[in-house]
Amino acid sequence: MNFNHAGVIGAGAWGTALAQVAARAGLQVTLQAREPEVVASIAAERENAMFLPGVKLEDAVTAAPGLDALASCDLILAVPPAQHLRSALMALKPHLKAGAPVVLCSKGVEQGTLKLMSDVAFEVLPDAPIAVLSGPSFAGEVARGLPTAVTLACEDEDLGRRIGEAIAIPTFRPYWAADVIGAEAGAAVKNVLAIACGISEGKGLGRSAHAALITRGFAELTRLAVALGGKAETLAGLCGLGDLVLTCSSPQSRNMSVGLALGGGQTLEQALAGKVSVAEGVASAPAVRALARSLGVETPICEAVAAILAGEVDVDSAILGLLSRPLKAEA
Ligand SMILES: NC(=O)C1=CN([C@@H]2O[C@H](COP(=O)(O)OP(=O)(O)OC[C@H]3O[C@@H](n4cnc5c(N)ncnc54)[C@H](O)[C@@H]3O)[C@@H](O)[C@H]2O)C=CC1
Ligand SMILES: O=C(CO)COP(=O)(O)O
C-alpha cells in the first residue's frame, strides 16, 4: 500500500513541521489543531503563527479543528504532548481508517501508568499498526528545510521502511529499525538529561562537566532502555545518542532552556512562565525516576533532575550529591 493522505494530530511546532515534511514528500496532509486561531492562521496566512511562526506552509497542508477530518487518512502522525497522547488516540479511534498505521512522534513517559507511548497506543488502538519516529530534529530547523536524519522504528520492518520512504525528503532522512522500545526510551530520557545539561550550563560548570554529563547520561539512558527490553545498539543511533547530543547542546531545546533557567537561579514556575510550548522532560522526569526505581536501574542524573523539579532538593545540593557519589568502574 502506498500512502497518499497523512493526518497529523497536534499542530504544535513539531506536528506542523512534520506536516510540512510530509507535504514536501508528496502527500496530501490534514493537520488537526486544537486551537481555533491556529486553524484560522493556517487557512488565512499559510502559517502556524502560534507554534511555528515564520514558516510558510506547503499548499498540500490543510488545517482542521476536529479528528473527524482524519477519517480518510491512510497514515497518521500522532504529535500531541506525551501526557495527552492517550486522550488524543481515544478521540481519534472512531475516525481511524482500518489498517492505517499510527506513527508516534511524542517523546515522554505517561505519568501515573509509567507507560511508554507505544504501550499507550497498543492499549487504546490494539488493531492499529504502530511505529515510532524519533531523532535529532528541532521543529524550526526541519520546517525551514535544514537537513537531519531520524529513526523510524516499527516491529514490522517492511511497514517501517514503507512509512520511512513515504515521508522521506533529502533533508529528512528516516532510517528504519525494529526496536520500538529502545527508540521511545531514548526519546523520553534524553529530555530529562537535557534539563540536567541546562542546569550545568546555567551554573557555569564548564564544557568538561557538560561532556561528562552527556556521557554518563547516555549510560543511564541505555541501562534503562535495555531494562525495558530495548537494544543498546538502538540507543547508539539517532533516537538515542543523536537526540541526546542535540537536545543537550542548544538553548533552542525547550528542555535545556528550562535547565538553563533553573541553573541561573529561577524557580520552576519562573522557568515555565508564559511558555506555550511543552518541555516534556518536566512531566517525564518523575515518571522516568519511578520507572527506573521499579526496574532497579540506577539513574542518578535523572533522579537528581526529578528531585530538583519536585522541590525536594535545591540545585547546589543536587550537584553536590552527584559529585559525592562513590567512585566505581566506568562500564
Ligand atoms: N518541537 C520540537 O522540536 C520537537 C518536538 N517533539 C515532540 O513532539 C511533541 C509535541 O511537541 P510540540 O509540537 O513541540 O508542541 P508545542 O510545544 O509546539 O505545542 C504544544 C502542543 O500541545 C498541545 N496541547 C496543549 N494542551 C493540550 C491538551 N490538553 N491536550 C492535547 N494537546 C494539548 C497544543 O495544541 C500544541 O499542539 C512533544 O512530545 C515533543 O517532545 C519531537 C521532536 C521535535
Ligand atoms: O526533541 C527535540 C529535538 O529532537 C526537541 O527538543 P525540545 O523539546 O527540548 O525542544
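Here is a walk through this predicted model, from its annotated domains to its core, two of its helices and its two ligand shells.

Let's start with the annotations. An unreviewed UniProt entry places the feature "domain: Glycerol-3-phosphate dehydrogenase NAD-dependent N-terminal" at residues 7–158. Over that stretch the chain is 30% helix and 20% strand, with its end C-alpha atoms 21 Å apart. The unreviewed UniProt entry also has "domain: Glycerol-3-phosphate dehydrogenase NAD-dependent C-terminal", covering residues 179–319. That span is 74% helix and 0% strand, and 34 Å separates its end C-alpha atoms.

Next, the core. In soluble globular proteins, nonpolar side chains tend to be buried together. In this model, the largest nonpolar core takes in 115 residues, and the ones with the most contacts inside it are Leu18, Ile76, Ala78, Val103, Leu193, Val288 and Val305. Helix α7, residues 180–202, is the top contributor to this core, giving 14 residues. If you pick out Val305 and skip its neighbours within four places in sequence, you'll find it in contact with Val192, Ile195, Ala196 and Ala285.

Stay with α7 for a moment, since Lys190 is found in that helix. The unreviewed UniProt entry puts the feature "active site" at Lys190. Is Lys190 buried or exposed? Lys190 counts as buried, because it has 33 C-beta neighbours inside 10 Å and the cut-off for buried is 20 or more. Setting aside residues within four places in sequence, Lys190 is in contact with Leu221, Asp243, Leu244 and Thr247.

Just past α7, the picture changes. Gly204 sits in the loop between α7 and α8 (207–228). Gly204 is exposed, because it has 9 other C-beta atoms within 10 Å and 12 or fewer is the cut-off for that label. Gly204 and Gly263 are 59 residues apart along the chain, yet their C-alpha atoms are separated by 8.3 Å.

Now for helices with a buried face. An α-helix has 3.6 residues a turn, so residues three or four places apart point the same way. Take α2, residues 36–45, where the buried residues are Val38, Val39, Ser41 and Ile42. Looking down the axis of α2, you see these buried residues fall within an arc of 165 degrees, so they line one face of the helix. They pack against β3 (61–64). The face of α2 turned away from that buried side carries the exposed residues Pro36, Glu37, Ala43 and Ala44. Just after α2, Arg46 takes a positive phi of about 60 degrees.

Helix α4, residues 117–124, can be read in a similar spirit: its buried residues are Met117, Ser118, Val120 and Ala121. Down the axis of α4, the buried residues fall within an arc of 155 degrees, so they line one face of the helix. What do the buried residues of α4 pack against? They pack against α3 (85–92), β5 (102–104), β6 (130–134) and α7.

On to the ligands. There are 25 residues around ligand 1, and Gly12, Ala13, Trp14, Ala139 and Ser277 come nearest. Helix α1, residues 13–24, gives the largest share of this shell, with 3 residues. By class, the shell around ligand 1 has 13 nonpolar, 8 polar and 4 charged residues.

While you're at α1, have a look at Arg24, which is in that helix. Arg24 counts as buried, because its 20 C-beta neighbours inside 10 Å meet the cut-off of 20 or more. Not counting residues up to four places away in sequence, Arg24 touches Glu58 and Ile169. Its C-alpha atom and that of Ala331, 307 residues apart along the chain, are separated by 44 Å.

Ligand 2 is surrounded by 13 residues, of which Ser137, Thr247, Ser253, Arg254 and Asn255 are the closest. Which helices each supply at least two residues of this shell? They are α7, α10 (238–247) and α11 (254–263). The largest share, 3 residues, comes from α10. By class, the shell around ligand 2 divides into 4 nonpolar, 5 polar and 4 charged residues. Thr247 links back to the annotated site: it is among the closest residues to ligand 2, and it is also in contact with Lys190.

Conventions
Residues are numbered from 1 along each chain as its sequence is written. Chains are lettered from A and ligands numbered from 1 in the order in which they are written. This is a predicted model: local features need pLDDT of at least 70, side-chain atom pairs count only at pLDDT 80 or more; totals for chains, interfaces and linings use all residues. A nonpolar core is a set of buried Ala, Val, Leu, Ile, Met, Phe, Trp, Tyr and Cys residues joined through C-beta atoms within 7 Å. Helices (H or I, at least four residues) and strands (E, at least two) are DSSP runs, numbered from the N terminus. Two residues are in contact if their C-beta atoms, placed from the backbone, lie within 7 Å. The arc is that of the directions from the helix axis to the C-beta atoms. A residue is near a molecule or strand if its C-beta atom, placed from the backbone, lies within 6 Å of it. Ala, Val, Leu, Ile, Met, Phe, Trp, Tyr, Cys and Pro count as nonpolar, Asp, Glu, Lys and Arg as charged, and the others, Gly among them, as polar. UniProt positions are given in the numbering used here, feature names are shortened, and annotations may be inferred rather than shown by experiment.
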